[in-house]
Amino acid sequence: MLDADEAYYKEHGEPLFSSHMIDLSEEDHASNIATTKKYFERAAKMNQWLEMEIGITGGEEDGVDNSGVDSSRLYTQPEDIFEVYKALSSVSPNFSIAAAFGNVHGVYKPGNVKLRPELLGNHQEYAKKQLNNGKEFPLYLVFHGGSGSSQEEFNTAIERGVVKVNIDTDTQYAYLIGIRDYVLKKKDYIMSQVGNPDGEDKPNKKYFDPRVWVREGEKTMSARIKESLEIFHTVNQI
């Protein structure tokens with residue numbers, strides 16, 4: 001993707017994408033940071049933002065299953081976060097760090113996930129002491145695996161410098177709800193192209209037209225996004 005960005009930037013003076021996310025959290029910290037820095041050096045020349053991940057997110061996503069890892073690996077240490085900061089800030093200030101604080105991909109029953117967003121405050125405090133530059137939140141932090149989290153957990157994270165929250169599972173399910181409910185409600189109108197409860201010769205195109213049922217998914221996902229903006233205290237800020 002960076003190759004395509006660079007080619008486009010050379011011709012148009014701007015990249016195809018404004019930001020990228022790189023996840024090398026399965027690698028050891030040294031390799032993760034060094035490789036991320038190499039990519040960031042290229043991205044920074046095009047004024048792109050980079051989000052990186054250090055520390056393992058539990059659960060399973062994109063074929064990577066961390067559901068059985070030792071729980072200690074789900075919590076990134078302040079020293080590791082600051083190593084990332086030192087490496088990337090030497091290139092550009094335009095980066096954010098997804099630190100692990102018990103995050104898990106997906107939604108699980110209450111009690112199965114020991115999320116500790118208060119630990120993000122430790123990262124900020126450690127960085128403040130090292131930098132001594134007067135900044136309250138020297139780190140731009142990311143909340144991975146936010147789906148299913150409580151208002152209190154979101155508040156705790158945001159109050160400690162989180163600037164982005166990932167809620168992929170919640171929004172995927174919200175999208176499904178609209179389509180699912182439409183299909184269940186209109187089941188007798190989408191079993192064939194012609195013929196429904198209103199008559200054997202009645203056409204059903206207006207019911208099974210993808211533009212109709214896809215729109216229902218868009219509506220419910222949009223409502224979920226609106227709810228999230230309220231939860232994150234960001235209404236009317238975009």
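**Notebook: confidence, strand 2 and the core**

I began with confidence in this predicted model: the chain averages a pLDDT of 89, and 88% of the residues score at least 70. I then looked up the extremes among the elements. Helix 7 (residues 205-208) has the highest mean pLDDT, 98, and strand 4 (residues 64-65) the lowest, 43. Over residues 59-70 the pLDDT is below 50, yet in the model this stretch has 19 contacts beyond near neighbours in sequence. I leave those contacts alone, because predicted coordinates should not be read in detail where pLDDT is low.

Next I turned to strand 2 (residues 49-54). Five of its six residues are buried, so the rest of the structure largely encloses this strand. I checked its partners. Strand 1 (residues 19-23) pairs with strand 2 in the parallel sense over five bridges, and I noted Met52 as the bridge partner of Ile22. The link from strand 1 to strand 2 passes through helix 2 (residues 29-44), and I recorded this β-α-β crossover as right-handed. Strand 5 (residues 95-99) also runs parallel to strand 2, joined to it by five bridges; here Ile54 has Ala99 as its bridge partner.

Last, I looked up the largest nonpolar core. It has 32 residues, and Ile97 and Phe143 have the most contacts inside it. Strand 2 and strand 5 are among the elements that each supply at least two residues. Helix 3 gives the most, with six. I also noted that domain 1 (1-166) and domain 2 (167-237) each contribute at least three residues to this core.

I listed the contacts of Ile97 beyond four places in sequence: they include Met52 and Ile54, as well as Ile81, Val84, Tyr85 and Leu141.

How values were computed. Residues are numbered from 1 along each chain as its sequence is written. This is a predicted model: local features need pLDDT of at least 70, side-chain atom pairs count only at pLDDT 80 or more; totals for chains, interfaces and linings use all residues. Side-chain values use heavy atoms; hydrogens and water are left out. pLDDT is the predictor's confidence in each residue, from 0 to 100. Helices (H or I, at least four residues) and strands (E, at least two) are DSSP runs, numbered from the N terminus. Contact means heavy atoms within 4.5 Å. Buried means under 20% relative accessible area, exposed over 50%, partly exposed in between (1.4 Å probe, protein chains only). Two strands pair if DSSP finds at least two bridges between them. A crossover is right-handed if, with the strands pointing away from the viewer, the path from the first strand over the helix to the second runs clockwise. A nonpolar core is a set of buried Ala, Val, Leu, Ile, Met, Phe, Trp, Tyr and Cys residues joined through side-chain atoms within 4.5 Å. Domain bounds come from an automatic or database domain assignment.
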